[in-house]
Amino acid sequence: MIEKPLTIWEHAQLRGYSRRDFLRLCSWLAAAAGIEASGVGRVVRAMETKPRLPVIWFHFQECTCCSESFIRSSHPMVADVILDKISLDYTETLQAAAGHQAEAALHATMEKSKGEYLMLVEGSVPLEEDGVYCCIGGRTALDILKEAAAGAKAIVAWGSCASNGCIQAAQPNPTGATPVHKILSGIPIINVPGCPPIGEVMAGTIVHLLAFDRIPQLDGLGRPKAFYSRRIHDTCYRRPNYDAGLFVESFDDENAKRGYCLYKMGCRGPVTYNACGVMRWNNGVSFPIQAGHNCIGCTEKDFWDNGPFYRHLASFPGFGIESTADTIGLTVGAVTAAGMAAHAISTNIRKRKLIKESMKQSEAPGAEDKGGA
Amino acid sequence: MPSRIVVDPITRIEGHLRIEAEVKNGKIVDAYSSGTMVRGFEIILKGRDPRDAWAFTERACGVCTTVHALASVRAVEDALDITIPPNAELVRNLMFCAQYMQDHVVHFYHLHALDWVDVVSALKADPKKTCEIAQSISSWPKSSPKYFADVQKRLAAFVQSGQLGIFANGYWGHPAFKLPAEVNLLGTAHYLEALEWQKEIVKIHTIFGGKNPHPNYLVGGAPCAVNIDDSNALNAERLAYVGRLLEEAKEFVEKVYIPDLLAVASFYKDWGAVGSGLPNYLAYGDLPVHGYRDVAQYKFPRGAILNRDLSTVHEVNGKDTEEIQEYIAHSWYEYSTGDDSGKHPWDGETQLRYTGPKPPYEHLNVDQKYSWLKTPRWKGHPMEVGPLARMLVAYASGREEVQEAVNSALSHLNVPVTALFSTLGRTAARGLETQLIATWALEFYHQLLANIKNGDSRMFDNSKWEPSTWPREAKGVGLSEAPRGALAHWIVINDGKIENYQLVVPSTWNASPRDTQGQRSAYEAALIGTPVSDPDQPLELLRTIHSFDPCIACAVHLYDEKGKYIHQINTF
């Protein structure tokens with residue numbers, strides 16, 4: 001192994017990338033990390049000079065959809081440069097998970113980078129029955145998590161499993177599945193929820209940590225604000241239909257063919273914070289609502305128990321001043337063109353107020369930045 | 001005295017897999033397969049809306065995403081007697097085909113190829129000769145000497161950096177590697193190309209289901225409404241996009257994957273005699289062309305083969321409570337009817353009861369219970385499921401397309417038909433079915449376009465959407481073929497809610513522990529006889545394990561009989 005860790009730029013050069021490719025990567029990363037164009041220079045400098053961060057990636061109670069989503073990140077160099085680095089340490093992750101005979105080897109790695117490595121966790125940790133519901137190499141997930149966390153610089157909880165327990169924590173939570181932040185304290189934890197999170201959101205979070213060596217701004221639930229500060233409902237291209245009271249009444253009806261709002265089909269867009277409406281999925285091809293299905297709210301805590309998925313929300317936070325969408329639909333259906341215009345104006349006023357309120361909500365107690373690592 | 005090898009973890013789609021094997025005189029003489037993680041899906045599903053079940057079960061696996069959603073909507077539609085519109089069937093088939101192509105190509109290049117391709121040896125290759133080989137087996141355009149020289153240059157810089165990353169497998173130079181350096185260079189180049197390609201094909205899921213992994217499904221049809229005159233629905237642009245992705249995928253499969261597979265296989269014909277395992281094969285069949293209920297018209301036929309007798313294909317009925325049963329004699333569950341009894345999934349029980357050693361532990365007590373996987377049996381027989389089972393059932397059912405593909409591969413490699421029942425056979429069958437699927441996908445696509453042109457844009461049947469239209473009690477089964485093999489969900493609905501739900505997944509068939517009578521399942525059986533010539537470099541063992549298609553992040557750790565750590569194997 002080489003002695004001095006390579007910087008990302010040096011590594012890219014070794015892999016045969018040109019300066020131009022590298023700069024393109026930096027711009028892309030900056031965009032993915034939610035940094036304005038003027039900040040790209042900072043990213044470039046950081047990538048040129050920062051040694052690559054040691055990363056450990058754990059798998060506990062999960063389905064590997066987060067890993068799969070990550071390798072779908074749209075920039076070709078992400079897989080080559082960043083994933084490669086993570087993959088390299090991922091092997092050590094699995095070594096850690098292989099039972100206490102392998103502990104010596106893991107300890108060597110953890111000792112060498114003590115306090116320096118970034119720990120990525122995919123999956124929840126079962127606490128019932130002393131953790132026997134997830135054993136790796138003869139050890140419980142809980143054991144492995146605690147040991148590795150002790151020397152980690154920061155933790156990224158990938159997906160809804162690690163950040164809020166996800167499906168296995170749904171009622172009655174037979175195995176006591178528990179998210180990372182409820183087990184560990186005294187270490188910065190970044191929650192990147194979603195089932196899975198969008199690949200570019202995952203890459204963007206890692207890049208932020210790599211390039212700036214500090215934790216991105218987080219909301220009250222520990223999620224990077226760059227990706228989780230806006231509701232699907234507020235960024236949805238079908239939103240004007242909601243405002244105009246135009247709803248799909250049944251899948252595949254005439255309104256569905258016109259792309260009307262899916263609120264009545266149970267859409268969780270109004271209570272879900274994610275970047276689907278802005279970044280979309282798989283290099284911007286589409287997102288669930290665009291493909292005709294209601295959002296199931298997969299970034300939100302307990303979304304599995306907030307069902308059934310096809311029963312529409314009776315009301316949702318921040319909309320107390322409005323009637324439910326049902327009544328909006330009925331009223332608007334009956335009014336004249338002038339009425340429609342009036343509604344549009346009042347909706348816009350309401351919308352501004354609502355956005356303000358929702359921002360206030362996400363800045364609620366505990367929402368301040370959780371500081372640098 | 002055999003030495004005990006512990007292989008843990010093999011991180012897999014359903015969670016975490018551990019294998020304990022006994023080695024004597026350089027060969028595996030016995031093996032035990034254990035699933036060491038459980039989430040309790042079946043318990044969680046009780047009492048929920050059956051229309052939501054697809055979303056829950058889809059999360060069983062993010063690698064072969066979509067397959068559980070498909071089995072789930074079929075189970076509910078079967079229970080409620082819902083017939084989906086032809087277009088919805090076609091959309092589901094297209095999503096199925098996209099999943100197969102992505103999954104199988106990634107398996108070949110990123111999980112399995114490193115068992116056969118010596119990446120470091122590619123440094124010694126003559127790019128001109130690699131070019132000649134490439135052009136002799138395929139018309140794929142990226143085949144110039146310059147192209148391969150560039151890949152080699154990148155590889156050299158990469159190796160010199162000391163950071164092997166995903167290639168840090170460590171067996172380079174192992175005597176079991178048989179490929180000439182030039183073929184290794186070809187494989188390495190295509191390894192990189194395939195990594196980029198896999199991001200593209202899944203966009204078919206994004207177009208029809210909104211995202212990948214875990215696209216959306218819908219009981220009663222597909223959620224993507226068609227309107228060729230509107231920008232907010234499945235329109236001409238979206239459909240053309242799907243067509244382009246399918247054409248590109250077919251080209252990649254035919255010009256890269258299949259020629260590579262045959263080229264690599266021709267150097268490893270002896271692996272047609274290793275890893276044979278169980279003599280019984282089961283396929284539920286899939287890809288309906290005339291509705292889910294018309295099983296005879298499926299592209300992949302349904303059936304079972306016993307004792308490698310290809311002259312008889314046995315009928316399989318998922319609803320016959322005597323046929324498919326799950327046992328827990330060696331699984332950490334308990335049954336109200338006694339742990340030696342078998343249960344058809346409609347009567348299935350999921351009562352977790354861990355009786356294994358207290359962690360941390362060195363060894364499982366393999367005489368007792370040792371896994372979170374139950375043990376499914378078909379009429380009491382242990383069955384192998386997966387691409388080989390599908391190809392054999394189709395071959396024995398007289399499907400000409402499949403017979404031609406199989407015979408042509410056998411004659412190309414000049415190996416006997418018995419070579420199918422092996423580690424090599426499994427790997428080859430996976431490629432052959434991908435080739436067929438690449439062609440079938442375009443048939444489905446053109447059929448979808450034709451339907452829409454003819455004025456049929458229906459995607460969903462809402463006649464039984466409302467629970468008020470359902471019978472008070474209903475039972476259904478959704479049978480499917482996941483890339484890794486036969487997959488089925490069984491549902492019992494009572495009063496509009498799920499009363500019982502059971503999943504029997506491919507890995508349950510293949511990776512399960514022994515049954516009540518001590519019969520081994522597929523993994524345990526196939527490992528017997530697999531050589532382990534060098535315990536520090538157990539490449540051969542990996543080949544057999546990987547021929548069943550373990551997942552994206554597979555690591556195998558070996559220990560000797562005293563529990564001393566011997567070696568670690570990493571792929572990807």
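This tour visits a long helix, a domain boundary and several backbone features in a predicted model.

Begin in chain B by selecting residues 86-112, which form helix 4. Its 27 residues extend 37 Å from the first C-alpha to the last, close to the 39 Å expected at 1.5 Å a residue. Centre the view on Val106(B), where helix 4 of chain B has a kink of about 25°. Then display the surroundings: 24 of the 27 residues of this helix are buried, so the rest of the structure largely encloses it.

Next, turn to chain A and colour residues 53-216 as domain 1 and residues 232-362 as domain 2, following the domain assignment. Across the boundary, 13 residues of domain 1 are in contact with 12 residues of domain 2. On the domain 1 side, the elements that give two or more residues are helix 8 (159-164) and helix 9 (199-212). That side has six nonpolar, five polar and two charged residues.

Remain in chain A and select Gln171(A) and Pro172(A), which are joined by a cis peptide bond with omega about 0°. Pro172(A) belongs to the loop between helix 8 and strand 7 (177-178).

In chain B, select Pro359(B) and Pro360(B); the peptide bond between them is cis, with omega near 0°. Pro360(B) is in the loop between strand 6 (324-327) and strand 7 (375-378).

Finish with two residues of positive phi. Asn25(B), with phi near 50°, occupies the loop between strand 2 (15-24) and strand 3 (27-35). Asn25(B) counts as exposed because it has 8 C-beta neighbours inside 10 Å. Lys379(B) also has phi near 50° and sits in the loop between strand 7 and helix 10 (387-396) of chain B. With 15 other C-beta atoms within 10 Å, Lys379(B) is partly exposed.

Methods. Residues numbered from 1 in each chain as written. Chains lettered and ligands numbered in written order. Predicted model: local features only at pLDDT ≥ 70, side-chain atom pairs only at ≥ 80, totals over all residues. Helix = DSSP H or I, 4+ residues; strand = E, 2+ residues; numbered from the N terminus. Expected span 1.5 Å × (residues − 1). Bend = angle between axes of the 7 residues up to and from the residue. Buried ≥ 20, exposed ≤ 12 C-beta atoms within 10 Å, placed from the backbone. Domains from an automatic or database assignment. Contact = placed C-beta atoms within 7 Å. Nonpolar A, V, L, I, M, F, W, Y, C, P; charged D, E, K, R; others polar.
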